[in-house]
Amino acid sequence: MIIAPSILNADNLNLKNEIDEAVAAGVDRFHIDIMDGHFVPNLSFGPQLVSDFKREFPMTNAEIHLMSDNPDDLVPAFVDAGADIIELHYEAMSESKINYWFDYLASNGVHAALAINPDTSVEVIEKFLPKISQILVMTVHPGFGGQGFIANSTSRIKEVRKLAGPNVPIEVDGGINDETIKLAKQAGADVFVVGSYLYEDGDVAHQIHLLKEKLTK
Ligand code: DX5
Ligand code: ZN
């Protein structure tokens with residue numbers, strides 16, 4: 001079970017400390033949300049944030065959630081910045097583009113993941129399974145932190161687990177807190193992106209502790 005903090009709703013003027021606190025609490029992967037103002041109606045970070053992150057935290061994995069329909073410019077930029085995992089959205093480009101960029105990631109030693117939105121049919125993952133090391137099941141419509149977990153996500157996670165088999169990690173992203181993390185885990189998820197619950201609801205280390213308790217019970 002992995003908790004991957006999203007810094008989207010962290011204090012942007014205090015990011016190093018916000019990341020430090022989570023690393024000190026045992027986090028070894030950050031989920032970095034990249035929004036392009038086009039595929040989703042919001043803007044967030046760019047490649048420089050990722051290269052600065054890897055310089056300061058070389059032992060911590062940078063997982064790039066690419067919410068953009070411009071992979072041609074951005075995938076190479078995030079690979080060069082030191083991304084460890086890049087997640088592409090099924091809805092953002094053609095299937096042949098996805099395949100092309102998954103092959104590019106493999107040849108650059110970067111893990112690939114496929115992200116699907118709440119309205120996308122789960123069956124689309126099947127044809128990409130040989131090329132991916134994780135599936136990201138969005139549990140909110142992407143674009144903003146702080147939204148509520150969409151209730152039918154649990155049945156979608158179960159369906160993805162059936163299609164993908166027992167070995168591919170399933171990540172959930174959006175509205176994860178100390179209640180929904182249990183629902184998502186019971187449905188078959190094993191990687192949990194957590195944004196506002198960590199960075200808006202109290203002390204980061206304490207919040208991580210509360211989530212870990214829910215995962216072990
Ligand atoms: C939403 C992003 C999420 C978001 C999660 O588009 O992909 O990663 O930051 O934030 P919370 O945990 O607040 O839903
Ligand atoms: Zn995300």
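Biologist: Which hand does the crossing of H6 and H8 have?
Modeller: In this predicted model, H6 and H8 cross in a right-handed way. The call rests on the turn of the near helix from the far one, with clockwise counting as right-handed. The axes of H6 and helix H8 (residues 204-216) lie 9 Å apart, at an angle of about 35°.

Biologist: What makes the contact between H6 and H8, residue by residue?
Modeller: On the H6 side there are Ile181, Lys182 and Lys185, and on the H8 side Leu211, Lys214 and Leu215. A pair gets in if the C-beta atoms lie within 7 Å. Sorted by class, that contact has three nonpolar and three charged residues, with no polar ones.

Biologist: And H5 with H6: why is that pair called roughly parallel?
Modeller: The axes of helix H5 (residues 153-164) and helix H6 (residues 180-187) come within 8 Å and cross at roughly 30°. Angles under 35 degrees count as roughly parallel, so H5 is roughly parallel to H6. The hand is right-handed here too, with H5 passing H6.

Biologist: Which residues make that contact?
Modeller: H5 brings Thr154, Ile157 and Lys158, while H6 brings Leu183, Ala184 and Ala187. The split for H5 with H6 is four nonpolar, one polar and one charged.

Biologist: How do you know whether H1 and H8 are parallel or oblique?
Modeller: Helix H1 (residues 15-24) packs on H8 at about 40°, and their axes are 8 Å apart. The roughly parallel class stops under 35 degrees and the roughly perpendicular one runs from 65 to 115, so H1 and H8 come out as oblique to each other. H1 passes H8 in a right-handed crossing. Glu18, Glu21, Ala22 and Ala24 of H1 meet Val204, Ala205 and Ile208 of H8. Five nonpolar and two charged residues make up the contact of H1 with H8, with no polar ones.

Biologist: Zooming out, why is the protein called as compact as a globular protein of its length?
Modeller: It has eight helices and eight strands. Its radius of gyration is 16 Å, and the globule rule gives 17 Å for 217 residues; those values are close, so the protein is as compact as a globular one of that length. Along the principal axes, the C-alpha atoms fill a box of roughly 45 × 35 × 30 Å.

Biologist: What makes up the shell around ligand 1?
Modeller: There are 22 residues around ligand 1, and Leu8, Pro142, Gly145, Gly195 and Ser196 come nearest. Strand E2 (29-35), strand E8 (191-194) and helix H7 (196-199) are the elements giving two or more residues to the shell. By class, the shell has twelve polar, eight nonpolar and two charged residues. Gly counts as polar and Pro as nonpolar, so Gly145 and Gly195 go in with the polar residues and Pro142 with the nonpolar ones.

Definitions and conventions. Residues numbered from 1 in each chain as written. Chains lettered and ligands numbered in written order. Predicted model: local features only at pLDDT ≥ 70, side-chain atom pairs only at ≥ 80, totals over all residues. Near = placed C-beta within 6 Å. Helix = DSSP H or I, 4+ residues; strand = E, 2+ residues; numbered from the N terminus. Axes fitted to C-alpha atoms, helices over the stretch in contact; angles between N-to-C directions. Parallel < 35°, antiparallel > 145°, perpendicular 65-115°, else oblique. Contact = placed C-beta atoms within 7 Å. Rg over C-alpha atoms; globule rule 2.2 N^0.38 Å.
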